[in-house]
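Hi,

Here is the structure I said I'd pass along. Have a look at it first, and then read on for what turned up.

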Amino acid sequence: MEALERITERVCRNGHPDDPETPRPLLSIDEFFEGNDVVGSIGCNLIDIPHPNEFFKVFKAISHRPDVKDIRIQVSAFDDPDWPFSDTVYIMTSASESEVGSWFPEHLKPDEIWEGFVNQDYEAYEIPAETRPVAVWWD
């Protein structure tokens, strides 16, 4: 199965993510980044839009931290036929918001960081014990 077929099947399993009635998909970093060569699928408003692989390397490193149990990438839209788009990533951690912000290199720094999921419908996901979701968001 090609990467685009795989990601399309995954993000549309509960309905199309652009339909407001569809729960927002929460992808693992491997699901979102494997086969993703679409510049702008994440961090599209950063200066010198980075290749997705730059984000993948940062998230892989973050995922190996002892205070991180999981990372989930919210699919915000799938209006580009080449790859779903994300502006929000949830890091399941016991670290503070300011600590999480320090994990990103300057050129990939999120615009905002907050604790908790935003008030919308998400696909089923169980937050790992002793952690909470810390959101990182790029405008």
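To get you started: which residue in S2 is the bridge partner of Leu26? It's Gln74. Keep in mind throughout that this is a predicted model.

That pairing belongs to the contact between strand S1 (residues 26-27) and S2, which run antiparallel over 2 bridges. On to S2 itself, residues 68-74: 6 of its 7 residues are buried. S2 also pairs with strand S3 (residues 88-93), again in the antiparallel sense, with 6 bridges joining the two. If you want a spot to check by eye, try Asp70, which sits opposite Met92 in S3.

Now for the packing. The largest nonpolar core holds 29 residues, and Phe59, Ile62, Ile91, Phe104 and Trp138 have the most contacts inside it. Two or more residues each come from helix H1 (3-11), helix H2 (29-33), helix H3 (52-63), S2, S3 and strand S5 (132-137). H3 supplies the largest share, with 4 residues.

Phe59 is a good place to centre your view. Leaving aside residues up to four places away in sequence, Phe59 touches Ile29, Phe33, Ile42, Ile71, Val89, Phe104 and Trp138. Two of those names, Phe104 and Trp138, you'll recognise from the list of residues with the most contacts in the core.

There's also a second, separate core of 5 residues, among them Leu26, Tyr90, Tyr122 and Ala135. So Leu26 turns up twice: as the bridge partner of Gln74 in S2, and in this second core.

Cheers

Note on methods:
Residues are numbered from 1 along each chain as its sequence is written. This is a predicted model: local features need pLDDT of at least 70, side-chain atom pairs count only at pLDDT 80 or more; totals for chains, interfaces and linings use all residues. Side-chain values use heavy atoms; hydrogens and water are left out. Buried means under 20% relative accessible area, exposed over 50%, partly exposed in between (1.4 Å probe, protein chains only). Two strands pair if DSSP finds at least two bridges between them. A nonpolar core is a set of buried Ala, Val, Leu, Ile, Met, Phe, Trp, Tyr and Cys residues joined through side-chain atoms within 4.5 Å. Contact means heavy atoms within 4.5 Å.
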